[in-house]
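The following exchange asks on what grounds particular terms are applied to a protein model. Each reply sets a computed value against the criterion in use.

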Amino acid sequence: QVQLVESGGGLVQAGGSLRLSCAASGSIGSIDAMGWYRQTPGKQRELVAIIYRTSNTNYVDSVKGRFIISRNNAKNTVYLQMNSLKPEDTAIYYCRVFSSIATMTGYWGQGTPVTVSS
């Protein structure tokens, strides 16, 4: 059984920073990539940032230059450093561990809320 435990969400003022963490445990097997998604009510869940086994990264345009994704392979942990936060970053953030990028299969975290006040 695989478990993803997220932490680090909360309330912050615009311009502030938060750091999200997601630790994966259990029978994960190989990990192709780890990523963070976010979702607001009535909208589709969107991929915010992803880091591949090669350490290559990709970001959605709206967070480029402000967010940094990193990972600790030994701990099966992925982080999202969020700087210069804006009210539009307010969402539930979900960790995703991809066992296969080719088939887009893997595991989801339970979600952690981030609220940015103006």
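Q: What makes a pair of residues a salt bridge?
A: A side-chain nitrogen of Lys or Arg must lie within 4 Å of a carboxyl oxygen of Asp or Glu. The model examined here is predicted. In this model D89 and R38 meet the criterion, because their closest N and O atoms are 3.0 Å apart and the limit is 4 Å.

Q: How do you know that the pair of D89 and R38 links distant parts of the chain?
A: D89 is in the loop between β8 and β9, whereas R38 is in strand β4. The two residues are 51 residues apart.

Q: Why is D89 called buried?
A: Its relative accessible area is 1%. Buried means under 20%, so D89 falls in that class.

Q: Which residues does D89 touch, not counting residues up to four places away in sequence?
A: D89 touches R38, V63, R66, F67, S84, V114 and V116.

Q: What makes R38 buried and E46 partly exposed?
A: R38 has a relative accessibility of 7%, which is under 20%, and therefore counts as buried. E46 stands at 29%, between the cut-offs of 20% and 50%, and therefore counts as partly exposed. These two residues also form a salt bridge, with the closest N and O atoms 2.7 Å apart.

Q: Which residues are joined into one network by salt bridges that share partners?
A: The network consists of R38, E46, R66 and D89. R38 is a shared partner, since it forms salt bridges with E46 and with D89.

Q: How many salt bridges does a search of the whole structure find, and how do you know that D32 and R53 form one?
A: The search finds five. The closest N and O atoms of D32 and R53 are 2.9 Å apart, and the limit is 4 Å, so this pair qualifies. D32 is in the loop between β3 and β4, and R53 is in the loop between β5 and β6, 21 residues apart.

Q: Why are D32 and R53 called partly exposed?
A: The relative accessible area is 22% for D32 and 48% for R53. Partly exposed covers the range between 20% and 50%, so both residues belong to this class.

Q: What makes a set of residues a nonpolar core, and which members touch the most others in the largest one?
A: The members are buried Ala, Val, Leu, Ile, Met, Phe, Trp, Tyr and Cys residues joined through side-chain atoms within 4.5 Å. The largest such core has 26 residues, of which W36, F67, V78, L80, M82, Y93 and V97 touch the most other members. Strands β3, β4, β5, β7, β8, β9 and β11 each supply at least two residues of this core. Apart from it lies another core of five residues, among them A33, I50, Y94 and F98.

Q: What does F67 touch, and on which face of β7 does it lie?
A: The contacts of F67, not counting residues up to four places away in sequence, include R38, V48, Y59, L80, M82, D89 and Y93. F67 lies on the covered face of β7 with I69 and R71, whereas I68, S70 and N72 form the uncovered face. In a regular strand the side chains alternate between the two faces of the sheet.

Q: Why are β7 and β8 called paired strands?
A: Pairing requires at least two bridges, and β7 and β8 have six, so they qualify. Their sense is antiparallel, and the bridge partner of I69 in β8 is L80. The hairpin of these strands has four residues between them, and N76 takes a positive phi near 50°.

Q: What makes β1 and β7 the edges of their open sheet?
A: The order of the sheet is β1-β3-β8-β7, with antiparallel pairing. β1 and β7 each have a single partner strand, so one side of each is left without a neighbour in the sheet. β3 and β8 pair with each other over six bridges, and the bridge partner of S21 in β8 is Y79.

Q: How do you know that the protein is as compact as a globular protein of its length?
A: The radius of gyration is 14 Å, close to the 13 Å that the globule rule gives for 118 residues, and the conclusion therefore follows. The protein has zero helices and eleven strands, and 39% of its residues count as buried.

Definitions and conventions:
Residues numbered from 1 in each chain as written. Predicted model: local features only at pLDDT ≥ 70, side-chain atom pairs only at ≥ 80, totals over all residues. Heavy atoms only, no water. Buried < 20%, exposed > 50% of the residue type's maximum accessible area, 1.4 Å probe, protein only. Contact = heavy atoms within 4.5 Å. Rg over C-alpha atoms; globule rule 2.2 N^0.38 Å.
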